[in-house]
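Please look at the sequence and the structure shown here, and keep both in view while reading. The report below goes through them part by part.

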Amino acid sequence: MICQAQKTVALTGAGISVESGIPDFRSAGGLWERFDPMEYGTIDAFRADPEKVWMMLREMSEVISSARPNPAHKGLARLQKMGLLHSIITQNIDNLHQEAGATSIIEYHGNCGTLSCLSCNRQYRADELNGELPPRCACDRILKPDVIFFGEDIPTQPVRESHELASSCQVLLVVGTSATVSPANSIPQIARMARAKIIEINIEPTVLTTHITDIFLKGKASEVVTGLVDEVERV
Ligand code: APR
């Protein structure tokens with residue numbers, strides 16, 4: 001299917017980075033089990049008490065800073081180098097697709113590599129800050145990572161690009177997402193409506209598996225993606 005497709009696109013979620021040591025959100029032990037997303041994950045919560053939200057962000061930034069791409073990230077980058085994966089739409093903010101050497105990445109929920117001041121709009125790269133947490137702007141306000149919080153709109157560009165990719169691909173590879181958060185979870189539907197084949201890789205079935213997914217490959221992303229790319233390479 002992938003070898004015959006003109007365009008294969010991947011949609012990835014937190015599950016692809018779990019084997020890099022970054023907990024996902026909704027599995028047992030996930031981030032939202034320890035931090036209520038309505039108290040720590042909304043833009044209103046950040047505006048009301050940035051210091052408190054940075055308690056959650058601190059934990060995320062510690063695991064992300066020590067995380068490295070795992071074989072699943074590397075497998076998708078390999079597939080791209082083989083000319084068999086056009087783009088990666090990721091809900092993740094951990095930059096691991098980039099670090100694995102992938103290109104043409106659409107970051108649906110932003111990236112934690114830059115931070116902005118909600119008061120004076122200055123933007124900083126994470127690596128140019130002094131490591132103090134929570135990080136502060138020169139105007140002394142607490143900075144917000146350039147990631148999408150609940151209650152924030154996804155910028156139009158990633159929405160448009162993702163819609164365009166989903167409606168023009170022949171295969172959509174869905175890796176490690178519970179597909180429970182909109183509007184990202186509309187991407188598989190858009191692809192299916194455009195008659196693409198949906199291949200889902202997950203350790204367990206999701207809301208997609210019964211009525212959207214054509215092929216469900218059950219297992220850990222690093223094992224299944226590696227096996228899939230090895231198989232494609234043999235063809
Ligand atoms: N291999 C494959 N899949 C895995 C693995 C693994 N090793 N570990 C977990 N998974 C699967 C889980 O079964 C689950 O279906 O990954 C999925 C992770 O789902 P979520 O934790 O809901 O993460 P995600 O779908 O990316 O969440 C979407 O919600 O909170 C927001 O902004 C946040 O981008 C995030 C969005």
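What follows describes a predicted model, beginning with a sheet and ending with unusual backbone spots.

## The open sheet

Strands of a sheet pair through backbone hydrogen bonds, and the pairing can be parallel or antiparallel. In this model, three strands make an open sheet whose order is E5-E4-E6, with antiparallel pairing. Strand E5 (123-125) and strand E6 (144-147) are the edge strands, since each pairs on one side only. From one strand to the next, the twist averages 45°.

Strand E4 covers residues 110-116, and its antiparallel pairing with E6 runs over three bridges. To find this pairing in the picture, start at glycine 110, which stands opposite valine 147 in E6.

## Aromatic rings

Searching the whole structure gives four aromatic pairs. One of them joins phenylalanine 25 and tryptophan 32, with 5.2 Å from centre to centre and 35° between the planes, and this pair is tilted. Phenylalanine 25 has 26% relative accessibility and counts as partly exposed. Tryptophan 32 has a relative accessible area of 17%; because buried means under 20%, tryptophan 32 is buried.

Tryptophan 32 also pairs with phenylalanine 150: the ring centres are 6.1 Å apart and the planes stand at 45°, so this pair is tilted. Which parts of the chain does this pair tie together? Tryptophan 32 lies in helix H1 (residues 31-34), while phenylalanine 150 lies in the loop between E6 and helix H7 (156-166), so the pair links parts that are 118 residues apart in sequence. Phenylalanine 150 is partly exposed, at 29% relative accessibility. Together, Phe25, Trp32 and Phe150 make up one aromatic cluster.

Another ring has a charge as its partner. The charged end of lysine 52 sits over the ring of tyrosine 40, at 5.1 Å from the ring centre.

## Two nonpolar cores

The largest nonpolar core has 25 residues, and the members that touch the most others are Phe46, Val53, Met56, Leu57 and Phe149. H1, helix H3 (43-48) and helix H4 (50-65) each contribute at least two residues to this core. Which element gives the most to this core? That element is H4, with six residues.

Leaving out residues up to four places away in sequence, leucine 57 touches Phe46, Pro145 and Phe149. A second core, separate from the largest one, has 24 residues, including Leu76, Leu84, Ile88 and Ile201.

## The loop between E5 and E6

Arginine 136 has its place in the loop between E5 and E6. Is arginine 136 buried, partly exposed or exposed? Its relative accessibility is 30%, and because partly exposed covers the range between under 20% and over 50%, arginine 136 counts as partly exposed.

What does arginine 136 contact, apart from its neighbours within four places in sequence? Its contacts are Glu51, Arg141, Ile142 and Leu143. Arginine 136 and tyrosine 124 are twelve residues apart along the chain, and 10.0 Å separates their C-alpha atoms.

Proline 134 is also placed in the loop between E5 and E6. The peptide bond leading from leucine 133 to proline 134 is cis, and its omega is near -5°.

## Other backbone spots

A cis peptide bond also runs from serine 182 to proline 183, with omega near 0°. Proline 183 is found in the loop between strand E7 (171-175) and helix H8 (187-193).

Two asparagines deserve a look for their phi angles. Asparagine 95 is not a glycine, yet has a positive phi of about 65°. The loop that holds asparagine 95 runs between strand E2 (87-90) and helix H6 (96-99). With 26% relative accessibility, asparagine 95 counts as partly exposed.

Asparagine 121 likewise has a positive phi of about 65° without being a glycine. Its place is in the loop between E4 and E5. Is asparagine 121 buried or exposed? Asparagine 121 has 64% relative accessibility, and because exposed means over 50%, it counts as exposed.

Methods
Residues are numbered from 1 along each chain as its sequence is written. This is a predicted model: local features need pLDDT of at least 70, side-chain atom pairs count only at pLDDT 80 or more; totals for chains, interfaces and linings use all residues. Side-chain values use heavy atoms; hydrogens and water are left out. Two strands pair if DSSP finds at least two bridges between them. Helices (H or I, at least four residues) and strands (E, at least two) are DSSP runs, numbered from the N terminus. Axes are lines fitted to C-alpha atoms, for helices over the stretch in contact, and angles run from 0 to 180 degrees between N-to-C directions. Rings of Phe, Tyr and Trp (its six-membered ring) pair if their centres lie within 6.5 Å; planes under 30 degrees apart count as stacked, over 60 as edge-to-face and the rest as tilted. Buried means under 20% relative accessible area, exposed over 50%, partly exposed in between (1.4 Å probe, protein chains only). A charge sits over a ring if NZ of Lys or CZ of Arg is within 6 Å of the ring centre and within 35 degrees of the ring normal. A nonpolar core is a set of buried Ala, Val, Leu, Ile, Met, Phe, Trp, Tyr and Cys residues joined through side-chain atoms within 4.5 Å. Contact means heavy atoms within 4.5 Å.
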